[in-house]
Every structure is written in C-alpha cells, then in structure tokens.
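Colleague: I'm new to this model and would love a close look at one part of it. Please pick a spot, start there, and lead me outwards step by step.

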Amino acid sequence: MWAADDFLRFPHQMWEKVLSKVKKAVVFMDSRCAEALHWSGGAALLLEAGARNLKEFSSFEACAENEPKAVFVVSTLLKGRTIDVIKDIISLSHFQYCVVITTVAHSVHLVANNVTTEMEGNPVFEQFEEKLCEWMGNMNYTAEVMHVPAVFAPVSQQLLLTPAFAHLFPLLFPDLEAINTKRPEKKRFGSLVDMDMNSLPVELQLEIKSLAAVLNAMFEATGTREESFAVGPMSRIIAGELAGHPQAKNRRKTAPNKASIIFVDRTMDLTGAVGHHGDNLVEKILTVLEPLPGHVTDIQVDMLELTSLQRTPHSTNILAPGCLAQTQSPAAQALWETMLTSKHKEGVMEVRRHLVEAASKEKLPIKMGLGRVTPEQLRSYVQLFRSRPGMLESHCGVLQLGLATAQTLRHPIMPRWDACLAFERLLLQALGDSDFTAVLRQLLPLMKPRRGEDDTASGSRSREEECGPDELILLLVYLYSLADEAQPSDQDAEEEELEKLERELIGQLTLVITQEQHLSPLLQKLTGCDTPEQLTMEQAHAAAEGLFETLRGLSQTRDHLKQLRSVYTASDGVHQATYRPFLRQVLEEVFHPDRPECPDIEYMSGGLTDLLKTGFSMFMKVTRPHPSDNPLLLVFLVGGVTASELRLIKEAVSTHKPGSQVLVLSTRLLRPTDIAELLFATPRLSPDIGV
C-alpha cells in the first residue's frame with residue numbers, strides 16, 4: 001500500500017543511481033552530499049558498490065596513475081568554483097573516465113545560464129562532458145554528466161532533511177530593506193508578503209528553483225499529485241514555484257496518489273526554536289556536544305571509554321568519533337526514534353533499557369539499577385563492553401547513543417539549560433504584566449562578562465553555569481520574538497525609552513563579547529573573527545548593532561496573519577502565562593473535525609483556476625481543497641525544525657487524528673544557536689550553490 005514509506009525509500013533510490021556509477025572509481029564528494037549519504041548508509045555503501053576510495057571535493061585532492069576513473073558528486077551548479085575544483089583535480093590526475101553527478105536539475109542550469117526557452121535534451125551537461133574530455137587530454141575518453149536529486153537525509157521514520165539547503169532561511173526585515181534599496185522608489189515593497197520570486201537576488205532564485213525541482217522529482221518517483229499550502233512569505237514563494245514547475249503539470253494529470261504539503265516559515269515561530277522549554281533528549285545532545293566536522297545535523301561522540309587508551313590531550317585525535325546516525329543496527333534505529341520523539345525522561349529510560357538488554361544478551365555482569373538514571377550508571381553499562389571487539393561490533397550503534405546520552409547529562413554546561421529555562425519562564429510571566437521595555441530591562445543584570453576560568457570564588461557559581469554571550473543572544477531573540485505580546489503603553493514614550501535601553505544593551509553586549517577568552521562558533525560568525533586576539537572593540541560593537549537591527553523586526557513576522565497571530569497565552573490569575581507553539585496551532589486547524597478554512601493556511605496549487613473560482617465565489621459556494629483531504633500530510637519547515645517539534649507533531653496527530661500519516665521535511669534539525677547563526681551571521685540573500 002502506498003504510504004509515507006515510499007517517500008522514505010526515495011533517498012535510497014537516488015543513491016542507488018549514484019552507486020551504479022562508482023565501480024572501480026575514486027569518488028569525490030562535497031560535504032552536503034556526504035551528509036545526505038551519511039544518513040542513508042554512509043561510505044560503506046560506496047565501498048560495497050565497488051568504489052576504490054572516497055575523497056573530499058577539494059582542489060588539494062588528486063589520484064594516482066593507476067586510478068583512471070573518477071566520480072564527482074556535488075550539490076551545486078556546474079559553474080564557477082565547482083568547475084574550478086573539478087578541473088584542478090583532473091589536471092593533477094590521470095583519468096580516462098569521469099562521471100559528474102549534480103543534485104541541481106538541468107532546468108536550473110538553463111536558468112543560471114540565462115536560457116529562458118525550453119530545450120530538448122541536456123545541452124549544458126553535454127557541453128560539460130566535452131570540457132571533461134578536453135581536461136583529461138583526449139576527446140575519446142569517456143565523460144558523463146547527470147542530475148540525481150540525492151539531497152534527502154532520512155534522519156528518522158518521521159523526518160527527511162535536506163542538507164543541501166541547510167542555509168535556506170525565510171527573509172527578514174533587513175533583507176526587505178536590502179532588496180528595496182535596489183528598486184525604484186515607486187516600486188518598493190511595503191512588507192515581506194509583497195515580494196515575489198522575481199524580486200529576489202538571482203542566487204536565491206536559483207536555490208528556490210533547485211528545491212522545487214528536487215521536491216518535484218520526489219513526487220514523480222512516488223507517483224504523487226500534491227496539493228500545496230503555505231504559511232509565510234518564503235513558503236508562498238517556494239510553494240508557488242513548485243506549483244508552476246514545468247515538469248509537474250503532466251505528473252499531476254497521471255499521478256495515482258494524493259498528498260498535501262504545507263510549507264511553514266521558521267520565522268512564524270522563533271520562540272520555540274531558541275527556547276529551552278523543549279523536554280527532549282536529542283535537543284540537549286545537539287546543543288551541548290560538538291558537531292561532526294563538515295555536518296550540519298550530526299554530532300561527535302567521544303569513544304575513548306570503549307578502549308584501553310589513557311585520556312591525554314592528544315588521545316582525542318587518535319580515535320574516530322561516534323555519531324547519532326546508526327543506519328546498520330535495527331536496535332539502535334529503534335532507540336534513536338524513541339530518543340527523537342519522546343520526552344527527556346522517557347528517552348533516557350529507553351537508553352538504559354537498550355544497554356541493559358545488550359549486556360544481558362552478551363551475559364555480561366550487569367548491576368541492575370532502579371529509579372533515576374544517572375550518567376555514571378550509563379557509563380558503567382557501556383564500559384562493560386570495553387576492549388571486547390566482537391561485542392563492540394554487535395552493539396556499536398546502541399553504545400554510541402548511550403555514550404552520547406551519558407556525555408550530555410554530565411556535560412558542564414547543562415546547568416545553563418535549566419538557568420535559561422527558568423529565566424524564559426520569568427520573562428513569559430512579565431510580558432503579561434508590563435510593557436516591553438520594562439521586560440527587556442530585566443536582561444540588563446545578566447549582561448556582564450563571565451569570570452575567568454581560574455576565578456573560582458567560594459560560594460559563587462562556576463563559570464560553566466553562567467550565561468555566556470550565546471545564551472544572552474538567544475534570550476534576546478526569545479524576548480524580541482514575543483515583543484507584540486507585552487502590555488501596550490504610551491507608544492511615543494516607550495519608543496524613546498526603548499531606543500535608549502537598546503543602546504545600553506548594545507554597549508553591555510559589546511563588553512561581554514570582547515571579554516570572552518574563547519569565541520564560540522556563533523561569535524566567530526557574528527564578528528568575523530576566529531580568536532579574541534583578532535577581535536576589536538569596534539568590530540564587536542558593529543556586530544552588536546547589526547544584531548539589534550535584525551531583532552527589531554522579529555516581532556512583526558506574524559503581522560500579516562489574520563488568525564494565527566499569537567504564540568502566547570497570558571496568565572488568567574489561575575494559570576501561568578504559556579507559550580503556544582505555532583506548529584501545534586497549524587495542526588489543530590488542519591485536523592479540526594469541522595474542517596474550517598483557515599485564512600492563514602494559503603492554498604497554492606490552484607493557479608488560474610483557483611483565481612476564477614474565487615471570483616465566482618461571490619455568486620456560488622466554492623469549496624477549496626483542505627490539507628486534511630488527502631491520506632498523507634507532508635509538513636515542510638523552511639529554515640529548520642527542532643526535535644521538540646517532532647514530538648509535538650507526533651502528539652498532535654495521535655490526539656486529533658490517530659492513524660494519520662504525517663511526514664516532516666525540513667532544511668535542518670535545529671540547535672538553538674543555529675537560529676542565531678541563521679538570523680545574524682549567514683548571508684541569506686546569497687546562498688552558495690556554486691554560481
């Protein structure tokens with residue numbers, strides 16, 4: 001029976017096309033394709049298919065004389081830097097057979113080369129094949145160029161990610177200003193909602209077209225006719241591009257299956273993305289453990305405890321790290337699903353249960369523990385497998401997830417999570433009682449440099465427990481995203497007072513940043529400096545000013561909505577003020593038994609026909625499609641999804657429409673600091689797709 005499983009199989013089907021080309025070849029792959037492969041089976045798939053080696057897609061790589069075949073797998077257009085790297089590798093090698101696989105469709109290559117007419121065949125790819133033969137030094141050598149949309153990473157049975165689009169993020173008000181400065185005064189846009197595809201920078205247009213082509217390929221492979229809906233300006237543009245995709249019209253006429261897809265802008269709810277209220281184990285693991293190099297989603301797990309190596313400053317570089325992606329072990333996959341979509345306590349209990357079962361299966365001398373699960377208890381279970389190669393191989397996946405959990409629970413910065421959660425709850429209560437300036441002023445006492453690592457005054461908190469600049473920035477995002485929920489006050493007086501307070505906060509934040517002994521990845525991207533020695537007071541001040549410029553527009557992201565304008569419920573004297581996740585509100589509308597038409601969930605697949613129906617609706621009753629009409633619902637979060645939201649979706653389905661099939665698609669699985677990087681440090685208007 002056709003189901004969400006068909007969509008989950010799609011990434012593997014695409015990699016099978018790649019695998020059919022890699023026999024006896026050295027494979028060069030960029031990091032975004034490598035991350036998608038990582039969640040689909042990893043490098044082992046390539047080697048089992050006959051590949052001789054896997055190398056980074058870099059100008060510093062090459063092959064020996066006895067390696068005549070190369071396969072390049074890239075997530076970018078075959079233009080600019082991508083072509084330069086391919087040419088560099090070929091010129092340093094002795095290839096006679098080259099295959100280039102790009103995840104960007106040929107139709108997008110035509111647009112990138114300013115070709116507006118439809119053309120037969122794949123002329124851009126054919127011309128590039130000739131270039132490859134020319135670089136190899138013999139026009140009789142073999143060259144192939146093709147498009148394979150191998151961009152989806154099947155992270156779980158509920159979630160497909162697209163690492164190739166990890167930095168695609170909804171537009172913000174500073175972006176609107178940047179676009180308007182290049183337009184005549186009479187044609188400037190009044191709001192983000194007014195913008196259309198043609199008004200965006202070329203690089204961003206190409207990335208959206210590439211995403212629409214990938215989604216179309218997925219619907220083509222699964223025989224699906226989709227009904228598209230959108231919430232948010234960027235989602236409208238993406239859904240519109242998918243609806244108008246030239247190859248989609250014929251598919252929709254013949255496709256036997258139906259599905260609804262709702263695109264939702266991440267900016268509709270930044271409160272949930274940066275808040276620490278998510279009671280989820282995976283969210284905490286992603287927050288405190290170091291990212292896996294070159295990856296957006298996965299993290300490094302220290303595997304030293306499974307060996308007899310002594311812990312020294314150099315021992316961490318001896319052993320390859322573990323990770324969360326466990327594609328070979330059914331037990332580890334089942335554990336991962338539970339960790340991802342259950343509450344923190346349930347996830348930790350499940351980790352302990354799997355470790356106990358693994359130890360019992362191997363007849364290891366395990367001491368059963370009841371009650372609260374501690375990191376020491378989990379470590380003791382894991383260490384039973386130390387230096388036992390056969391057992392390690394059998395249970396490696398579960399052991400890696402167990403170690404990730406133990407290392408997270410005992411991580412020195414975990415107390416900051418609880419501190420941030422407590423302060424966020426205080427801010428929520430204050431918003432219902434005070435104006436925004438009064439609530440914002442409560443952040444001032446936190447805006448102070450952290451003590452040095454050697455400063456351990458008795459009776460005071462450790463440095464790890466103090467809020468650092470990353471946490472302060474997240475609290476600012478949290479508060480500004482809720483600014484419209486504060487009590488109204490005298491507008492002019494508050495505006496003047498707010499401006500004065502913001503200048504004070506900018507000064508304090510500048511001081512906090514410049515006093516840091518190590519710059520976090522967020523601060524590095526925010527300031528453009530890698531070390532504190534490079535950072536000047538002027539650079540830190542400019543970064544803080546730019547940060548507040550973006551913050552000021554965050555509270556207006558839902559202003560265009562008619563019904564789903566608030567994510568806040570004020571205290572009523574009996575119940576405390578609460579945060580109401582935007583996604584939950586959307587799903588409640590979708591699964592409502594009375595099927596009301598929500599004006600904020602915009603139907604995008606109708607085109608001209610829908611416009612005509614809208615005109616006739618004055619004279620006759622017109623029923624528009626509803627997201628719950630179809631047996632499968634796809635929810636695409638543009639800009640990232642949190643692990644807590646995955647649990648929220650699962651709970652909403654089981655509560656409102658048990659048995660419904662819902663699959664989540666997104667650009668990335670978010671840590672709170674990812675949102676800060678996307679908001680303040682990433683050039684959103686010029687994504688890197690190889691132009």
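Modeller: Leu 679 is a good place to begin: its relative accessible area is 1%, so this residue is buried (buried means under 20% relative accessible area, exposed over 50% and partly exposed in between, with a 1.4 Å probe and protein chains only). Before going on, please keep in mind that this is a predicted model, in which local features need pLDDT of at least 70 and side-chain atom pairs count only at pLDDT 80 or more, while totals for chains, interfaces and linings use all residues. Residues are numbered from 1 along each chain as its sequence is written, and side-chain values use heavy atoms, with hydrogens and water left out.

Leu 679 belongs to helix H26, which covers residues 672–680. Helices (H or I, at least four residues) and strands (E, at least two) are DSSP runs numbered from the N terminus. Along the chain, Leu 679 and Thr 550 are 129 residues apart, and yet their C-alpha atoms are separated by 7.4 Å.

Staying with H26, look at Glu 677. This residue forms a salt bridge with Lys 525, and their closest N and O atoms are 2.9 Å apart (a salt bridge is a side-chain nitrogen of Lys or Arg within 4 Å of a carboxyl oxygen of Asp or Glu). Because Glu 677 sits in H26 and Lys 525 in helix H21 (residues 521–527), the pair ties together parts that are 152 residues apart in sequence. Glu 677 counts as buried, at 11% relative accessibility, whereas Lys 525 is partly exposed, with a relative accessible area of 45%.

Another salt bridge brings together the side chains of Arg 668 and Asp 674, at 3.6 Å from N to O. Arg 668 is buried, with a relative accessible area of 5%, and Asp 674 also counts as buried, at 5% relative accessibility. Elsewhere, salt bridges that share partners join Glu 226, Arg 251 and Arg 252 into one network. By the same rule, the count comes to 22 salt bridges.

From here, let us move to strand S14, residues 661–666. Five of its six residues are buried, which leaves S14 mostly covered. Strand S13 (residues 632–638) runs parallel to S14 and is joined to S14 by six bridges; two strands pair if DSSP finds at least two bridges between them. One such link has Phe 636 with Leu 665 of S14 as its bridge partner. Between these two strands the chain passes through helix H25 (residues 643–656), giving a right-handed β-α-β crossover. Right-handed here means that, with the strands pointing away from the viewer, the path from the first strand over the helix to the second runs clockwise. S14 also pairs with strand S7 (residues 159–161), in the parallel sense and over three bridges. There, Leu 159 has Val 664 of S14 as its bridge partner.

Now step back to the sheet. Seven strands form an open sheet in the order S6-S7-S14-S13-S9-S8-S12, with mixed pairing. Strand S6 (153–156) and S12 stand at the edges with a single partner strand each, so one side of each has no neighbour in the sheet.

The loops around S12 and S13 hold another salt bridge, in which the side chains of Arg 595 and Asp 629 meet at 2.7 Å, N to O. Arg 595 lies in the loop between H23 and S12, and Asp 629 in the loop between helix H24 (607–616) and S13, so this pair ties together parts 34 residues apart in sequence. Arg 595 counts as partly exposed, at 39% relative accessibility, and so does Asp 629, at 38%.

Asp 600 also lies in a loop, the one between helix H23 (582–590) and strand S12 (602–603). Asp 600 is buried yet has no salt bridge, and the nearest side chain of opposite charge, that of Lys 562, is 5.6 Å away. For that charge assignment, Lys and Arg count as positive and Asp and Glu as negative, while His and the chain ends are not counted. Not counting residues up to four places away in sequence, Asp 600 touches Ala 230, Val 231, Leu 561, Lys 562, Gln 563 and Leu 564, where contact means heavy atoms within 4.5 Å.
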